[in-house]
Amino acid sequence: AIPATRLSYNSTYYWRVIATNQVGIGPWSSVRNFTTTRPTPVAPMLVYPPNNSFINLVIPILDWDSVSNATSFRIRISIDTSFSSTIIDTSGLNVSYYQVPLGKLQDGIRYYWRVNASNSCVTGPWSQTWNFRMVILTSTNGNGNEIPKSFKLYDNYPNPFNPVTKIKFDLPLNSKVLLKIYDVTGKEVTKLIDVNLNAGTYEFQWNADKFSSGVYFYRIETEKFSDIKRMVLIK
């Protein structure tokens, strides 16, 4: 066995063998060669967006740590954890981030993503799988500079609805906003929004296609304000 310190990565070596006995030394064998590979890159560490987060951007940037011995990266984005329904599968990236093209992601959908690293010799393992949910909010400020004077959660419209309704709210201050849906028993059935927003008026469109008919409540929570309202889904 060749000691580990004697060879270098990504290098070509030539070798031959000679035999001896008590009579003498024989001829050299034919010359052969081998090339060592480069070290296998480790799995990248995902950085942004945080795992299980909400994104209020139509073209988000997905970021991960650089990896030694890597010359390119591959990213996959899917709507399921098995990546059988791949939305994006892009390789050959020479930077440790990826900006998702406009129109690839849909509002209200949870996406799963992972990354691996490669070099000229070998591809490393996949990173952990993280996920994020798209939350597309529409700013409804009249002139673009108008700031509401107080917090307010409006009645959803339409109500009753089937299956889409709009939820509107005012923020007089920059706030972290939670918007959750509860069933008639008070059980949380989904979290629609968990993002930091600038002061303004916003509107969110909720598609309740996967929910059954009935009475639901939507609740907004910020550091300085909370309110809850009732709505009816009729199918």
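The legends below accompany several views of a predicted model of one chain.

**Figure 1. The whole chain is built with strands and without helices.** Across the predicted model there are 18 strands and zero helices. The C-alpha atoms fill a box of roughly 100 × 40 × 30 Å when this is taken along the principal axes, and the radius of gyration of the chain is 28 Å, whereas a compact globule of 235 residues would have a value near 18 Å. Of the contacts with a separation of 6 or more, 60% are between residues 24 or more positions apart.

**Figure 2. Surface and charge of the chain.** About 13,900 Å² of the chain is exposed, with carbon and sulfur atoms supplying 49% of that area, while buried residues make up 37% of the 235 residues. The side chains include 24 that are positive and 16 that are negative, and the centres of these two sets lie 10 Å apart.

**Figure 3. Close-up of strand S9 and its pairing with strand S6.** Strand S9, which spans residues 110–118, is mostly covered, since eight of its nine residues count as buried, that is, under 20% relative accessible area. Strand S6, made up of residues 72–78, pairs with S9 in the antiparallel sense over seven bridges, and within the view Ser 72 stands opposite Ser 118 of S9.

**Figure 4. Close-up of strand S9 and its pairing with strand S10.** Strand S10 covers residues 130–134 and runs antiparallel to S9, to which four bridges join it. Here Trp 113 stands opposite Trp 130, the latter belonging to S10. In a regular strand, the side chains alternate between the two faces of the sheet.

Note on methods:
Residues numbered from 1 in each chain as written. Predicted model: local features only at pLDDT ≥ 70, side-chain atom pairs only at ≥ 80, totals over all residues. Heavy atoms only, no water. Helix = DSSP H or I, 4+ residues; strand = E, 2+ residues; numbered from the N terminus. Rg over C-alpha atoms; globule rule 2.2 N^0.38 Å. Buried < 20%, exposed > 50% of the residue type's maximum accessible area, 1.4 Å probe, protein only. Contact = heavy atoms within 4.5 Å. Areas by Shrake-Rupley, 256 points an atom, 1.4 Å probe, with all protein chains shown as cover. Lys, Arg positive; Asp, Glu negative; His and termini not counted. Charge placed at Lys NZ, Arg CZ, Asp CG, Glu CD. Pairing = 2+ DSSP bridges.
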